[in-house]
Structure formats: C-alpha cells, structure tokens
Amino acid sequence: MINLTLQKQLNGVNGPLQLDVNLDIEKGAFISIYGLSGSGKTSVLRMIAGLMSPDKGSIQVADEVWFDAAKSIDKAPQKRNVGFVFQDYTLFPNMNVEGQLKYALRKEDDPSVVDELLEIMDIGQLKSTYPRTLSGGQKQRVALARALVQKPSLLLLDEPFSALDRGMRSRLQDYVLQAHKVFGLTTIMVSHDVAEIYKMSDQTIVLEEGRVAKQGKPQGVFANHEVSGKFQFTGEVVSIEEQGFLLIIFILIGSDFVKVIGSRDEVGPLKVGDRVMVASKAFNPIVKIINP
Amino acid sequence: MDWTPLILTFKLSVVTTVILFVISIPLANWLAYSKSKLKPIIETLVSMPLVLPPTVLGFYLLIAFSPSNAFGKWLDESIGLNMIFSFEGLVFASVIYSLPFMVHPIQSGLSNLSEGLKEASYVLGKSKTETLFKVLLPNIKPSILSGIVLAFAHTIGEFGVVLMIGGNIPGETKVASIAIYDEVEALNYSAANSYSLVLFIVTFSILFAVYLFNGGYIKRFWG
C-alpha cells in the first residue's frame with residue numbers, strides 16, 4: 001500500500017502550477033497517470049523517487065516513511081529502492097549493456113539476476129554493445145532491465161514508449177506487463193496514450209492542472225469523452241473563404257488540413273487563427289487496417 | 001646545450017599537473033553543481049589568473065612567503081619549507097596560476113552532461129562519489145584530457161610568475177622560459193634558439209595530439 005499526499009508549487013511550461021495530489025495505491029497494482037503535458041505527471045514520479053522534494057505532504061510506502069514534511073523526513077533517492085525508467089532512457093554512454101546492469105547490482109545482490117534479465121528482455125545478444133549503437137526499442141529494454149536489477153518493489157515509468165513506433169510499442173508493452181507479473185511489482189506509469197492505458201493498467205488517474213480530476217478503472221475514466229459516438233478533434237483555422245452563404249473553412253488538425261463547410265449562422269464569428277473543435281457523429285465511419 | 005632548464009620545465013609541469021588534477025576534480029564538481037552563495041566568489045578566484053598579470057600574482061606570493069614576515073618565517077621554521085627562490089615555491093605558484101586551465105574544462109564538461117545520468121545513478125542506489133567516478137567522469141574524458149593538457153602546456157609557458165618568485169637559480173628555478181630570456185640578455189642567440197625550438201616543437205605536438213584525439217580524427221582515420 002502506497003500513500004501519497006503531495007503539494008508543490010511548480011513552474012510549468014504554462015506558468016506556475018500548484019500541484020496537489022492525494023493517492024492511495026494498492027500493492028501489486030498497475031497504475032497509469034494520464035494528463036496533458038504540463039499537468040504535473042512527471043513531477044509526481046520524481047517526488048516518489050526522491051529526485052524532487054514536495055513542499056508539503058508525505059510519502060509512505062508499506063510501513064516505511066519516505067517523506068514527511070512535518071517531521072522533516074526526506075529519504076535520499078539512493079535509499080528508496082525504486083526502479084525508474086526515464087523518458088530518454090538515460091543509459092550510461094560509457095558502459096555496455098551488460099555493464100549497465102552490473103553497475104546496478106548492489107554488493108549483496110546475486111549477480112545471476114543480470115543474465116536472467118538479459119534473457120527476459122531479449123537483449124542477451126547485445127551484451128557487449130554500447131548505447132550509441134542501440135535502437136530506440138533496444139535502449140528501452142536495457143533501461144527497463146537495469147531498473148529491475150535491484151528487484152525494486154516499485155517501478156516508475158515516465159512515458160516509456162513515447163519515442164517508439166507503433167509495432168515496437170506494442171511489443172515493449174508486453175515486456176513491461178511480463179516484468180510486472182514476474183517480479184510482482186507495483187508499477188506507476190505516466191502516459192498520454194489512452195490505448196496504452198487501456199491495455200496495461202488496472203487503475204488510471206487523470207491529472208489536470210496539478211490536481212486529480214478523475215480516477216478509477218480506465219474504462220470508467222475515459223468513457224465519457226474518449227469513447228463516444230463521435231469523433232472530435234481540435235485544430236486551428238488557417239483560412240476562411242466565403243462562397244455565397246456558405247463558408248469554406250481550412251483547419252489544421254495535427255499536421256493534416258481539413259476542409260469544412262459551414263454557414264455564418266452555424267459557426268458564428270470565426271477568424272483565422274482561432275482554435276476550434278471539429279466534431280462529427282461516427283454513425284457511418286470507414287475503418288481500415290493500416291498496420292505496416 | 002645545457003638540458004637542465006628544459007628538464008626542470010618538464011618536471012615542474014608534470015608535478016603541477018598531477019597536483020592540479022587531484023584538486024580540480026572535487027573543485028570542478030562543486031562548481032558544476034553547487035547552489036551555494038559562495039560559488040560566484042570561488043568562481044571568480046579560480047578565474048583570476050586568466051586576467052591578472054602573472055607579475056601581480058608573483059609579487060603577492062613573494063610578499064606572503066618572504067622569510068622576513070611572520071607567515072613566511074613560520075613556514076620556514078616549523079616545517080622547513082622555504083617557498084621563495086625554490087622549486088616548491090614554483091610548484092605552488094604554478095598550481096595557482098594554471099588552476100583555471102584545469103578546472104574550467106572539467107567543470108564545463110560536467111555541467112554539459114545530462115542531469116538524467118546523475119539521477120539514474122542515484123535511483124540505482126549509488127552514492128554521489130561513486131556516481132562521479134563511475135558515471136560522470138568517464139563520460140567527459142575529452143574535457144579531462146583538455147584540462148590536463150592545457151594545464152601542462154600553460155605551465156611550460158610560464159614566465160612572469162616564475163621570475164618573480166623563483167628567480168634564476170640553475171637546476172632549482174631556472175626553467176626554459178627564463179633560460180631563453182637569460183641567453184638573449186647575454187646576446188647568446190643560438191642557445192636561446194635551441195631552447196625556443198624545443199619548446200615550440202613540444203607544445204605544438206602536445207596540442208596537436210589533443211585536437212587529433214578530441215576531434216575524433218584518430219578514430220576516423222586509423223580506427
């Protein structure tokens with residue numbers, strides 16, 4: 001059982017942000033934290049790992065207190081026994097794959113865990129390879145293996161798959177799930193990919209502006225807006241052409257241009273540069289497999 | 001040609017570089033990561049020899065270590081260390097004078113490393129010292145090499161500070177740069193030229209080797 005009460009003033013990309021999070025996490029659970037960038041997701045992980053100190057609050061894991069502002073307890077990251085997989089992997093450039101794992105061993109650890117992890121993560125053949133020649137997916141597996149060497153009770157994953165393509169992502173998700181089961185971990189994963197959260201987690205927490213906006217099973221949490229009978233996108237108006245009483249509006253959604261037709265009455269006062277939401281009922285969609 | 005001044009120059013450079021290396025690593029590490037209020041003061045002091053005329057440094061060291069004042073006298077009487085016109089004094093002055101050349105490259109190497117490397121090592125339970133020696137320093141080898149070579153080469157090129165505190169004692173403080181000056185004064189141009197040529201070739205070779213190594217040319221052409 002992990003008990004978190006975290007308060008901290010953060011300076012995010014969108015200005016100052018007051019983070020205020022209370023969470024109880026069951027042992028053995030797979031939790032995901034979802035939210036837009038700048039909502040404080042990564043900060044929560046960093047505070048659990050001891051890389052950032054909350055202003056107020058406490059962190060209790062099982063019956064150990066890792067942080068308590070009132071009692072001035074702040075355990076060093078070295079003493080918290082967490083596994084942390086960083087977004088950019090942070091492999092040590094001066095060590096080969098086996099070296100990375102061996103470095104993570106403590107004096108009292110059985111060194112055979114290194115070979116075991118190389119096996120589980122399918123990186124045995126890369127033993128003597130250095131990080132700069134590894135692919136993204138391989139780096140990710142090495143980072144994961146390295147985080148598991150000390151058999152931590154808690155595994156923290158910071159958007160672990162965001163830099164990978166779809167196919168690789170799916171395989172790596174399986175590696176993580178396997179590790180979660182084999183080692184009996186409690187895992188907390190930051191992600192902004194709803195599909196990934198569905199696939200992997202038991203519980204999900206939605207952070208908005210530093211606060212828990214929703215929490216529960218992924219199906220319940222995302223049911224209202226993500227899973228619905230309509231498509232919905234946000235974009236920016238690039239140009240508006242008037243043709244009689246109709247308007248032809250060019251909208252940039254992600255990197256795609258979409259041409260939408262509307263009337264003055266319907267869309268109201270619209271100008272170039274406005275951020276808009278485009279929605280359509282999904283009663284007759286075209287669904288096509290595009291896997292490579 | 002009398003080789004003594006050249007040998008003395010290289011002895012001084014080697015000793016100075018070794019001492020500098022040992023003190024610069026903790027100092028550069030502190031400067032790279034500390035948030036202390038003292039940091040700007042220490043940074044300024046470390047950089048001072050870059051802009052201060054060597055004669056100023058030499059002058060104050062001469063005053064400080066002179067046996068005619070209390071501190072110099074105490075040093076001489078208590079541990080028998082005479083810093084004026086002696087090799088030990090030269091080493092001390094050189095260490096101060098070449099300090100920024102060793103500290104700056106190591107400090108900037110450390111500051112340019114991703115913060116994540118350090119954090120990843122801490123999360124793996126490794127202490128600050130272990131992280132420094134096993135993760136951080138091995139990843140800034142080119143900066144360390146630059147520091148060593150610059151400090152070494154800079155000590156070879158020392159003149160003003162040596163003249164002030166060391167004087168011109170053959171075999172003790174008469175290094176090559178002083179010997180050149182001496183020979184020119186005596187209108188002995190061919191001897192001055194021999195010393196100069198040796199210094200020129202040696203310093204060129206050292207710096208050339210560093211640029212070859214740090215520029216990756218060696219790996220590209222022979223690796």
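This passage walks through chain B, its contact with chain A, and a few features of chain A. The structure is a predicted model, and the description starts with the overall build of chain B.

Chain B is made of helices: there are 12 of them, and the number of strands is 0. Reading along the sequence therefore gives a simple pattern, α-α-α-α-α-α-α-α-α-α-α-α, where each α stands for a helix as defined by its DSSP run. The C-alpha trace of chain B spans about 65 × 55 × 30 Å along its principal axes. Of the 223 residues in chain B, 35% are buried. It also helps to ask how far apart in the sequence the contacting residues of this chain lie. Among the contacts in chain B with a separation of 6 or more, 74% join residues that are 24 or more positions apart.

The next stop is the place where the two chains meet. The contact draws 15 residues from chain B and 16 residues from chain A. On the side of chain B that touches chain A, two or more residues each come from helix H6 (115–123) and helix H7 (128–136) of chain B. H6(B) gives the largest share of this side, with 6 residues. Sorted by class, the side of chain B that touches chain A holds 7 nonpolar, 5 polar and 3 charged residues.

Chain A comes next, beginning with its domains. The domain assignment divides chain A into domain 1 (2–222) and domain 2 (230–281). Between the C-alpha centres of domain 1 and domain 2 of chain A, the distance is 40 Å.

Two residues of chain A deserve a closer look for their backbone angles. Most residues other than glycine have a negative phi. Tyr89(A), however, has a phi near 70°, which is a positive value in a residue other than glycine. Tyr89(A) sits in the loop between strand S7 (82–85) and helix H2 (97–104) of chain A. Is Tyr89(A) buried or exposed? Tyr89(A) has 21 other C-beta atoms within 10 Å, and the cut-off for a buried residue is 20 or more, so Tyr89(A) counts as buried.

Glu209(A) also has a positive phi, near 50°, and is likewise a residue other than glycine. The loop that holds Glu209(A) runs between strand S10 (203–208) and strand S11 (211–216) of chain A. Glu209(A) has 16 C-beta neighbours inside 10 Å. Because this count falls between the limits of 12 or fewer for exposed and 20 or more for buried, Glu209(A) is classed as partly exposed.

Methods:
Residues numbered from 1 in each chain as written. Chains lettered and ligands numbered in written order. Predicted model: local features only at pLDDT ≥ 70, side-chain atom pairs only at ≥ 80, totals over all residues. Contact = placed C-beta atoms within 7 Å. Helix = DSSP H or I, 4+ residues; strand = E, 2+ residues; numbered from the N terminus. Nonpolar A, V, L, I, M, F, W, Y, C, P; charged D, E, K, R; others polar. Domains from an automatic or database assignment.
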